[in-house]
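Biologist: Could you take one helix of this model and describe closely what surrounds it, then set it beside other parts of the chain? I would like the reasoning spelled out step by step.

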Amino acid sequence: MQDSEGFLPVGDYKVWYRRVGGGASEGQQIPLLLLHGGPGVPHNYLDNMAQLASETREVIFYDQLGCGNSDQPDDDSLWQVDRFVEEVGQVIRGLGYTKVHILGQSWGGMLAMSYALTQPGTIAGLILANTVSDMHLWVSEANRLREDLPAATQATLLKHEAAGTTDSPEYQQAMMEYYDRHVCRIPMPDYAQYALEHIGRPYYVMNGPSEFHVIGNFKDWTITDRLGEIKLPTLIISGFYDEATPKINEVLHSGIPGSEWVMLENASHLAHVEEPELYFATVNRFFAQVEKQ
């Protein structure tokens, strides 16, 4: 299989990409474009999705502007949903694709839906993994899950959030108790740990200091009332223990016409890390369904 990387222009900056797969002389299938989460969590935690590549299907990773191998400009005005939506189109055009499957994980799913609503005509199939259509619902569910943490942990979180000291080691340690339950329930592999240790500025500007303390500029983001406009083959994937809870995914599933929802029973937010065999089999089955139409 082929494996190459490079940079594409996005406005005045450059974003990094990697293409894995393809190379067969015939029978090429629709490529898969991966949209990572965060915003600002670099692509590395998705690295095992290279297993979806073959000699006939390319898988494209890229680091969104502001993180990873891409440019990281010191300009907080760039970290807006609409700019990232434009970036997706620039990447697809820059790589010369006319049709792609898109898999968006977490924030990447929010971005994928936002891009789909521009009716670009470039999406063959849409995979929404561990994501949400309304940030108020996300915060409400995160705080519900947080209530199950030990009382001392909750007190620590509240203390530092009130004091504005969420960068303290004590807060970070308390936060990890939530992450261990609802983000990744197995020992985190090195490629995923690396991504979480190299989160870019967009996360803190758009989201905030943690998954449940959302005070950034997309805290009021919602597209729930527009889900019916997404008339594409759509697969929704979540984990039973996911911070993207069943309530969140039911909104997606009921809102997107004809969508399919698969919940992995032994997984949380990083379902592709926790249950990779079932996850990739589910995605490949979806590809087969879409491509036989």
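**A helix and its surroundings**

Modeller: In this predicted model, the buried residues of α10 pack against five strands and one helix, namely β3 (32–35), β5 (100–105), β6 (123–129), β7 (234–239), β8 (260–264) and α9 (271–274). The helix itself runs over residues 276–291, and because its 16 residues should span 22 Å at 1.5 Å a residue, the 22 Å between its end C-alpha atoms agrees with that expectation. The residues of α10 that are buried are Tyr 279, Phe 280, Thr 282, Val 283, Phe 286, Phe 287 and Val 290. When α10 is viewed down its axis, these buried residues fall within an arc of 155°, so they line one face of the helix. Behind such a pattern is the geometry of the α-helix, which has 3.6 residues a turn, so that residues three or four places apart point the same way.

One member of that face can be followed in detail. Thr 282, which lies in helix α10, has a relative accessible area of 5% and is therefore buried, the limit being under 20%. Setting aside residues up to four places away in sequence, Thr 282 touches Leu 235 and Val 262. Leu 235 falls within the range of β7 and Val 262 within that of β8, both of which are among the elements against which the buried residues of α10 pack.

The strands of this surrounding also lead to some backbone features. Ser 106, in the loop between β5 and α2, has a phi near 60°, a positive value in a residue other than glycine; its relative accessibility is 11%, so Ser 106 counts as buried. Asn 130, in the loop between β6 and α3, likewise has a positive phi, near 55°, and is not a glycine; at 0% relative accessibility, Asn 130 is therefore counted as buried. A further feature belongs to the loop between β3 and β4 (59–62), where Pro 39 is placed: the peptide bond from Gly 38 to Pro 39 is cis, with omega near -5°. As background for these cases, most residues other than glycine have a negative phi, and most peptide bonds are trans.

The loop that holds Asn 130 leads on to α3, a helix that can be set beside α10. For the twelve residues of α3 (residues 135–146), 1.5 Å a residue gives an expected span of 16 Å, and because the end C-alpha atoms are 16 Å apart, the two agree. Buried in α3 are Met 135, Leu 137, Trp 138, Glu 141, Ala 142, Leu 145 and Arg 146, and the buried residues of this helix pack against α2 (107–116), α4, α5, α7 (201–207) and α8 (246–255). With α8, the packing angle of α3 is about 155° and the axes are 9 Å apart; since an angle over 145 degrees counts as roughly antiparallel, that is how α3 and α8 are described. Leu 137, Trp 138 and Glu 141 of α3 make this contact, together with Lys 247, Ile 248 and Val 251 of α8.

Two of the partners of α3, α4 and α5, also meet each other. The axes of α4 (residues 151–163) and α5 (residues 169–182) come within 9 Å and cross at roughly 135°, and the two helices are therefore oblique to each other. The crossing in which α4 passes α5 is left-handed. Its contact is made by Thr 153, Thr 156, Leu 157, Lys 159, His 160 and Glu 161 of α4 and by Glu 170, Tyr 171, Ala 174, Met 175 and Glu 177 of α5. Within this contact, Thr 153 is buried, with a relative accessible area of 6%, and, leaving aside neighbours within four places in sequence, Thr 153 is in contact with Ala 174 and Glu 177.

Beyond α5, Met 188 lies in the loop between α5 and α6 (190–196) and, at 22% relative accessibility, counts as partly exposed. Apart from neighbours within four places in sequence, Met 188 is in contact with Gln 193, Leu 196 and Leu 270.

Conventions: Residues numbered from 1 in each chain as written. Predicted model: local features only at pLDDT ≥ 70, side-chain atom pairs only at ≥ 80, totals over all residues. Heavy atoms only, no water. Helix = DSSP H or I, 4+ residues; strand = E, 2+ residues; numbered from the N terminus. Expected span 1.5 Å × (residues − 1). Buried < 20%, exposed > 50% of the residue type's maximum accessible area, 1.4 Å probe, protein only. Arc of directions from axis to C-beta. Contact = heavy atoms within 4.5 Å. Axes fitted to C-alpha atoms, helices over the stretch in contact; angles between N-to-C directions. Parallel < 35°, antiparallel > 145°, perpendicular 65-115°, else oblique. Left-handed = near helix turned anticlockwise from the far one by under 90°.
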